[in-house]
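Welcome, and thanks for taking a look at this one with us. Please have the sequence and the 3D view open side by side as you read.

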Amino acid sequence: MQTHILGYPRIGSHRELKKACEQYWSGKISLDELHQTGAELRINNWLIQQEAGIDLIPSNDFSFYDQVLDMSLTLKAIPARYAPLLGKSDNSIPDLYFAMARGYQRDGLDLTAMEMTKWFDTNYHYIVPEFTKDQKFELFSTKAVDEFLEAKDAGILTKPVLLGPVSYLLLGKEKETGFHRLDLIDRLLPVYFKLLEKLQENGAVWVQLDEPFLTLDLSHREKEVYHRVYHELREAFPALKFLLATYFEGLGGNLDLAISLPVCALHIDLVRAPGQLNQILKKAPENLSISLGLVDGRNIWKNDYEATLKEINRAIKTLGSARVLLAPSCSLLHVPCDLDLEPETNALTPEIKNWLAFAKQKLDEITTLKNLVESKDEEAVSGMRKLQANIDSIKSRRESKRIHKTQVKQRTAAISIQDALRNEAFSIRRTKQHKALKLPLFPTTTIGSFPQTKEVRSWRAQFKKDNLTAADYENLLLEETEHCIRWQEEIDLDVLVHGEFERNDMVEYFGEQLDGFAFTRLGWVQSYGSRCVKPPIIYGDVERPNPMTVKWSTYAQGLTSRIVKGMLTGPVTILQWSFVRNDQPRSETCNQIALAIRDEVLDLEKAGIRIIQIDEPALREGLPLRKAEWDAYLKWAVNAFCLSAAGVREETQIHTHMCYSEFNDIIEHIAAMDADVITIECSRSQMELLDAFAEFNYPNEIGPGVYDIHAPRVPAKEEMLALMEKARQVIPDKQLWVNPDCGLKTRGWEETRKALKAMVEAAKTLREKSLKPEEQEAF
């Protein structure tokens, strides 16, 4: 029985990749220094896996930004607007690569970034390939080969990882009409062949081809393309051992297709879909090995060895050990690097830490499980000790008294249908809100956070190290908040925010004030590019012991006569962006969080906050991959949001925010959230997302983002006006707000000032164009 993993975290245990990329972007280190950091991270990851005893160690799972973007560069699927960067300088390829991800605004060029969206149902984002009808491909980058040779030079024969050709096309988007992206498969395959030839020539034995779309609902044509592509690959490369990797869901109706493809091994996710093993064991042909994804690659709880050993032995009994591979359920990209680096603190007690396993520990779980199955004499004693320790840990968590709270369970059980309904319909609420708030046409606002400068981050670090008293830390934050309010008044924003300088993260900040959460110091995972998040750990029943944001919101409101929004993270997003307990349904945990947020909403309203934003960017992210399961999820997810918001008076305006989501197929559920105003990411997609709202005749108010905050470029007023004119073609003026795509936390003040000033001027121009002079003052 062989062991392998599908991918390893690339950011480094101390976020070395993030720091190196950001230093390179700011000109503080050279390209050679950036490449050196990448090389050090790769060799360190390979050696960690080698030391752990992993048999098939992956390469090409490393990326300086995103693995889908890497494949686009490899295949020269480079949108035409980036042509000026080709061959521009010695740094042209890195400049091109990062421009595709982040945009480019210097040397007389102003290039927008490519669209970015969620990687299936995770919080990781990928750069969406752009395809045209006459799209051409060629082998432009040999990164996969270079990294394979790099490992080989270090004495490690790796298993190169490639995004499979069918999934690559399906992940992309047609940028013109008259064709389907799968029409490009015959142009694409020859380039894959060239890449595989180079890998084979240089000694590759195994190649992992990731085809996550095999776990989605596929059309007849998509299935036919899969069948043809993999038979052509096998015919062209009879000696290569292809491992076809699927994850995040079961194969379902694609099971017969998957096991018919002429590959050497098929990886299946048995954490998300444990029930599919029975069918696989019955149907797998004799020449197909099965990779059992039994160690959770997306959560941080220890594997239950006793339960897992039963599944492994069941598979071996049917297939034989030679046809069984053992692996995590998916790439370990989605979990933190190393639990051993975590100190035991009040936020992560020894008891809770004993229940966890990060990426490095999951390697040990895999090799321990293998050793327990094979029961070699010299390893038997060690294996039995590890087994007993695991049994004790699983029992400790199951029986822990800190997990369950009777009062929380009773309150959740008492939730009624009425608790999730506003007292009046939106049409009535809107009239009352317009009268109370007195906002102009095209009101301007931001999504919540303002730049967290080095100074703000240094204050937090000093406070955590006890180098700054609580009083001094708070005074600094209050001064920064006042500065933010005054600046927003200066540029004439209509609805202000307090800036969120006291918050480390939009989920972690709330988790720190809720019971049932634990926290790490170094539990970082990559969200996109250099953006890393540190998800809280929900280990027990959740409740809010005290108000969380009222103090900051009321302080900010007291500084100005303008409206200041209260800013909250919604229950579904807190759930999705945490490592969630797996001992009860996620819907139950979500309802517990919703009640905690509801308490905060009502306290904000009592304190005089008239607009409250409850962000839910992760609502669509949590959508199951199989459509048959959508209704059940959306019912409890939308209800949880409504439960958090529905207790307020009609005059109190509820906002929500969503980003990087396709809304077409769930628009009726977005409407069922009944938020008075929804703000959405729209600038990278050039307002395409608004089509769903227009076709549905969405009744509530909408703020389509006009400023891409995930890129450093500053859009001009004219660019924002052009985007809003697109919005006006499909949404009535009276329903439109003007705002950025997302929060401004990761941006610098210089670019933020320029962009928001332009945004406010764009909104004023829209008012002048839309209303007669006498109407402008009266509106």
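What follows is a short tour of the cavities, the nonpolar cores, a hairpin and two buried residues.

## About the model

Please keep in mind throughout that this is a predicted model.

## The largest cavity

Let us begin with the enclosed spaces. Searching the whole structure turns up 4 cavities of 30 Å³ or more. The largest cavity holds about 350 Å³ of space. Its lining is made up of 25 residues, and those nearest the centre are Asn60, Asp61, Gln67, Val161 and Asp210. Three elements give two or more residues to this lining, namely α3 (67-74), α5 (143-153) and β8 (159-163).

Helix α3 supplies the largest share of that lining, with 4 residues. Sorted by class, the lining of the largest cavity has 14 nonpolar, 6 polar and 5 charged residues.

## The second largest cavity

The second largest cavity contains about 100 Å³ of space. You will find 15 residues lining the second largest cavity, and His434, Leu439, Pro440, Pro443 and Glu701 are the ones nearest its centre.

Which helix gives the largest share of the lining of the second largest cavity? That is α16 (residues 426-437), which provides 3 residues. The classes in the lining of the second largest cavity come to 9 nonpolar, 3 polar and 3 charged residues.

## Two nonpolar cores

Now for the packed side chains. The largest nonpolar core counts 120 residues, and Trp119, Phe137, Tyr168 and Leu266 have the most contacts inside it. With 9 residues, helix α7 (residues 185-201) gives the most to this core. Another core, of 106 residues, lies apart from the largest one; among its members are Phe517, Cys642, Ile666 and Cys742.

Tyr168 is a good place to zoom in. Setting aside neighbours within four places in sequence, the contacts of Tyr168 are Val68, Met71, Ser72, Leu75, Ala77, Pro129, Phe131, Phe137, Leu163, Leu188 and Tyr192. Two of the names in that list, Phe137 and Leu188, may be worth colouring in your viewer.

## Val68 in helix α3

One contact of Tyr168 is Val68, and Val68 sits in helix α3, the helix with the largest share of the lining of the largest cavity. Is Val68 buried or exposed? Val68 counts as buried because its relative accessible area is 0%, and the cut-off for buried is under 20%.

Beyond neighbours within four places in sequence, Val68 touches Trp119, Tyr126, Ile127, Pro129, Leu163, Tyr168 and Leu171. Val68 and Gly172 are separated by 104 residues in sequence, and their C-alpha atoms are 9.4 Å apart in space.

## Thr37 in helix α2

Thr37 belongs to helix α2 (residues 31-52). Thr37 has a relative accessibility of 17% and therefore counts as buried, given a cut-off of under 20%. Once neighbours within four places in sequence are left aside, Thr37 is in contact with Glu16 and Ala20.

## A hairpin

Our last stop is a pair of strands. Strand β17 (residues 525-528) and strand β18 (residues 531-533) run antiparallel and are joined by 3 bridges. Gln526 has Cys532 in β18 as its bridge partner.

Together β17 and β18 form a hairpin, with 2 residues between the strands. Where in this hairpin does Gly529 lie? Gly529 is in the turn, and its phi is positive at about 50 degrees.

Note on methods
Residues are numbered from 1 along each chain as its sequence is written. This is a predicted model: local features need pLDDT of at least 70, side-chain atom pairs count only at pLDDT 80 or more; totals for chains, interfaces and linings use all residues. Side-chain values use heavy atoms; hydrogens and water are left out. On a 1 Å grid over the protein atoms alone, a cavity is a set of points where a 1.4 Å probe fits but cannot get out, and a pocket is an open set with protein on both sides within 12 Å along at least five of seven lines; lining residues have an atom within 4 Å of a point. Grid points are joined across faces, edges and corners, and a volume is the space filled by probe spheres set on the points. Ala, Val, Leu, Ile, Met, Phe, Trp, Tyr, Cys and Pro count as nonpolar, Asp, Glu, Lys and Arg as charged, and the others, Gly among them, as polar. Two strands pair if DSSP finds at least two bridges between them. A nonpolar core is a set of buried Ala, Val, Leu, Ile, Met, Phe, Trp, Tyr and Cys residues joined through side-chain atoms within 4.5 Å. Buried means under 20% relative accessible area, exposed over 50%, partly exposed in between (1.4 Å probe, protein chains only). Contact means heavy atoms within 4.5 Å.
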